[in-house]
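Hi everyone, thanks for making time today. Have the sequence and the model open in front of you, and I'll walk you through a few places worth looking at.

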Amino acid sequence: MLGVTGPNEYENNVNNNWYTNIVAAWNLEYTLEVISYLKNNHLNTFNDISAKLKLRKAETDKWWDIVDKMYFPKLESLNVFEQQDGYMDKEQQSISDLSEGDLPFNQNWSWTEYSDHALLNRPMSYKVYIC
């Protein structure tokens, strides 16, 4: 998914944010599971909802295709998922290493300065992965 804002909201217009992609794929997959459940257990309800939404098999097939092909950036050399495309190409700097004059960085740095650095205490992907 291109041009998204990840959950930390400081990095906008990034490509393939891991969290955004995993949540999007999960939403589609969950919706498809509910559709399957309704078809198998409540056919009349499924038919009513499908008619109201004009839901067609071609559309749900496309959703499966999206789920199957969703891209999750991964650093093969480290065997870890990357927060988004190019995250590890940024200057890696701990917030604790910033000078007093830089803090709070969101008030003292431009968006360009911030987007050139990986400043979070830990990547958002890491937070999600361990939950």
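Let's go straight to aspartate 65, which makes a salt bridge with lysine 69; their closest N and O atoms are 3.2 Å apart. Both of these residues sit in helix 3, four residues from each other, or about one turn of the helix. I should say right away that this is a predicted model, so please keep that in mind as we go.

How does each partner sit relative to the surface, buried or exposed or in between? Aspartate 65 has a relative accessible area of 27%, so it counts as partly exposed. Lysine 69 is at 61%, and that makes it exposed.

How many salt bridges does the count come to? The answer is two. The other one joins lysine 57 to aspartate 61, with 2.9 Å between the closest N and O atoms. Here, too, the two residues lie in helix 3, which covers residues 57-69, and they are four residues apart, about one turn of the helix. Lysine 57 is exposed, at 59% relative accessibility, while aspartate 61 is partly exposed, at 37%.

Now let's step back and look at the whole chain. There are six helices and four strands. If you read along the sequence, the order is α-α-α-β-β-β-α-α-β-α. Of the 131 residues, 30% are buried. The accessible surface comes to about 9100 Å², and carbon and sulfur atoms own 51% of that. And here is one about how the chain meets itself: taking the contacts with a separation of 6 or more, 54% are between residues 24 or more positions apart.

Next stop, the aromatic rings. The count gives two aromatic pairs. One is formed by tryptophan 18 and phenylalanine 81; the pair is tilted, with 5.7 Å from centre to centre and 45 degrees between the planes. Tryptophan 18 belongs to helix 1 and phenylalanine 81 to strand 2, residues 80-81, so this pair ties together parts that are 63 residues apart in sequence. Tryptophan 18 is buried, because its relative accessible area is 7%, and phenylalanine 81 is partly exposed, at 34%.

The other pair is tryptophan 26 with tyrosine 30. Why is this one called stacked? The ring centres are 5.3 Å apart and the planes are at 15 degrees, so the pair is stacked; the cut-off for that label is under 30 degrees. Both residues lie in helix 1, four residues apart, about one turn of the helix. Tryptophan 26 counts as exposed, at 52% relative accessibility, and tyrosine 30 as partly exposed, at 44%.

Before we leave phenylalanine 81, have a look at what sits over its ring. That is the charged end of lysine 74, 5.5 Å from the ring centre.

Let's stay with helix 1 a little longer, residues 18-41, which is also where valine 23 is found. Together with Tyr19 and Ile22, Val23 makes a nonpolar surface patch of about 200 Å². Valine 23 is partly exposed, with 31% relative accessibility.

Two more residues in this helix are worth a click. Threonine 20 has its place in helix 1. What does threonine 20 touch, if we leave aside its neighbours within four places in sequence? Its contacts are Met1, Val4, Thr5, Gly6 and Pro7. For proline 7, the C-alpha to C-alpha distance to threonine 20 is 7.6 Å, and the two are 13 residues apart in sequence.

Asparagine 21 is in helix 1 as well. Is asparagine 21 buried or exposed? It is buried, with a relative accessible area of 0%. Setting aside neighbours within four places in sequence, asparagine 21 is in contact with Met1, Asn16, Met70, Tyr71 and Phe72.

If you'd like one place to revisit afterwards, try the tilted pair of tryptophan 18 and phenylalanine 81, and then find lysine 74 with its charged end over the ring of phenylalanine 81. Thanks for listening, everyone!

Technical notes. Residues are numbered from 1 along each chain as its sequence is written. This is a predicted model: local features need pLDDT of at least 70, side-chain atom pairs count only at pLDDT 80 or more; totals for chains, interfaces and linings use all residues. Side-chain values use heavy atoms; hydrogens and water are left out. Patches are made of residues with over 30% relative accessible area and no salt bridge: like charges are joined within 9 Å, nonpolar side chains (Val, Leu, Ile, Met, Phe, Trp, Tyr) within 5 Å. Accessible areas come from the Shrake-Rupley method with a 1.4 Å probe; for residues, only the protein chains shown count as cover. A salt bridge is a side-chain nitrogen of Lys or Arg within 4 Å of a carboxyl oxygen of Asp or Glu. Buried means under 20% relative accessible area, exposed over 50%, partly exposed in between (1.4 Å probe, protein chains only). Rings of Phe, Tyr and Trp (its six-membered ring) pair if their centres lie within 6.5 Å; planes under 30 degrees apart count as stacked, over 60 as edge-to-face and the rest as tilted. A charge sits over a ring if NZ of Lys or CZ of Arg is within 6 Å of the ring centre and within 35 degrees of the ring normal. Contact means heavy atoms within 4.5 Å.
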